[in-house]
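Visitor: Please take one part of this model and look at it closely with me, going slowly and saying what each term means where the reasoning depends on it. I would then like to follow the trail from that part into its surroundings.

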Amino acid sequence: RLHTLRVLLHCLILSHILELSEEDKHILCTAALWHDTGRTCDGIDDKHGYCGMKNYENNVYEEEFNHITAFLIEYHSLDDKKGLEEIENNPALSREKQRVTCLFNTFKDSDNLDRVRLGLKDLNMHYLRNPESKHLTKIARLLLENIKE
């Protein structure tokens with residue numbers, strides 16, 4: 001899907017701007033590739049993140065599975081509050097709270113930047129979490145214009 005490709009590119013751009021590690025870039029890129037694999041429709045579907053996470057969990061080798069990646073896939077389509085609560089309450093995530101929160105915010109912004117595909121009014125700048133993301137709306141529009149069917 002072209003949306004997935006654009007989200008992947010947003011992940012790469014933001015991870016470069018934020019100077020994330022290669023491991024964190026890999027986590028974001030993997031989450032981008034799997035995040036919408038659980039979608040069954042183009043409408044509102046709060047469960048597609050969970051279904052995408054199950055697809056990821058069931059289709060990667062055990063040694064390649066990453067719990068942060070799984071978290072990003074599952075919670076990308078849910079309200080931020082639920083994701084932040086999971087980070088707080090899940091011992092595997094809370095041990096690296098600052099890092100996981102950064103990756104969560106970065107991934108959610110990467111997905112949201114491609115809301116330009118729905119029309120400019122659908123990309124609400126107030127929902128972008130990183131200040132750096134707010135400067136990427138023109139790039140989001142350029143990607144949309146140049147990566148389409």
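Guide: A residue is called exposed when its relative accessible area is over 50%, buried when that value is under 20%, and partly exposed in between. With this scale in hand, we can begin at His26, which is found in helix 2 and counts as exposed because its relative accessibility is 54%. Please keep in mind throughout that this is a predicted model. His26 and Thr106 are 80 residues apart along the chain, and their C-alpha atoms are separated by 13 Å.

The part I would like to examine closely is His35, which lies in the loop between helix 2 (22–34) and helix 3 (48–59). Its relative accessible area is 0%, and His35 is therefore buried. A polar atom of the His35 side chain lies 2.7 Å from the backbone oxygen of Ala32. If we set aside residues up to four places away in sequence, the residues that His35 touches are His3, Thr4, Val7, His48, Ile73, His76, Phe107 and Asp111.

Two of these neighbours lead us onward, and I will take Phe107 before Asp111. Phe107 belongs to the largest nonpolar core, which has 25 residues, and it is listed with Leu28, Ile68, Phe71, Leu72 and Leu103 as touching the most other members. Helix 1, helix 2, helix 3, helix 4 (67–75) and helix 7 each supply at least two residues of this core, and it is helix 4 that gives the most, with six residues. Leu72 shows how such a member is placed: leaving aside neighbours within four places in sequence, it is in contact with Ile27, Leu28, Ala31, Leu103, Phe104 and Phe107. From Leu28 we can also look outward to Glu85, since these two are 57 residues apart in sequence and 20 Å apart in space, C-alpha to C-alpha. Glu85 has its place in helix 5 (residues 80–89), and it counts as partly exposed because its relative accessibility is 38%.

Asp111, the other neighbour of His35 that I picked out, brings us to the largest pocket, where about 860 Å³ of space lies. The lining of this pocket is made of 32 residues, and those closest to its centre are Arg39, Asp111, Asn112, Arg115 and Arg117. Sorted by class, the lining has 17 charged, seven polar and eight nonpolar residues. Helix 1 (2–17) and helix 7 (97–113) each supply at least two residues of this lining.

Asn112 and Arg115, which we have just met in the pocket, are also touched by Leu123, together with Leu113, Val116, Leu128 and Thr137, when residues up to four places away in sequence are not counted. Leu123 sits in the loop between helix 7 and helix 8 (137–146), and its relative accessible area of 11% is why it is classed as buried. The C-alpha atoms of Leu123 and Val60 are separated by 32 Å, with these positions 63 residues apart along the chain.

Arg117, for its part, is touched by Leu144, which also touches Arg6 and Val116, again leaving out residues up to four places away in sequence. Leu144 lies in helix 8, and with a relative accessible area of 22% it counts as partly exposed. Between the C-alpha atoms of Leu144 and Lys82, which are 62 residues apart along the chain, the separation is 29 Å.

One last stop returns us to the loops, this time to Glu19, which lies between helix 1 and helix 2. Glu19 counts as exposed because its relative accessibility is 72%, whereas His35, in the loop that follows helix 2, is buried at 0%. The phi of Glu19 is near 55°, a positive value in a residue other than glycine. Most residues other than glycine have a negative phi.

Key
Residues numbered from 1 in each chain as written. Predicted model: local features only at pLDDT ≥ 70, side-chain atom pairs only at ≥ 80, totals over all residues. Heavy atoms only, no water. 1 Å grid on protein atoms, 1.4 Å probe; cavity = no way out; pocket = protein on both sides within 12 Å on 5 of 7 lines; lining within 4 Å. Points joined across faces, edges and corners; volume = space filled by probe spheres on them. Helix = DSSP H or I, 4+ residues; strand = E, 2+ residues; numbered from the N terminus. Nonpolar A, V, L, I, M, F, W, Y, C, P; charged D, E, K, R; others polar. Buried < 20%, exposed > 50% of the residue type's maximum accessible area, 1.4 Å probe, protein only. Polar contact = N/O pair within 3.5 Å; in protein donor to acceptor, adjacent residues only side chain to side chain. Contact = heavy atoms within 4.5 Å. Core = buried A, V, L, I, M, F, W, Y, C linked by side-chain atoms within 4.5 Å.
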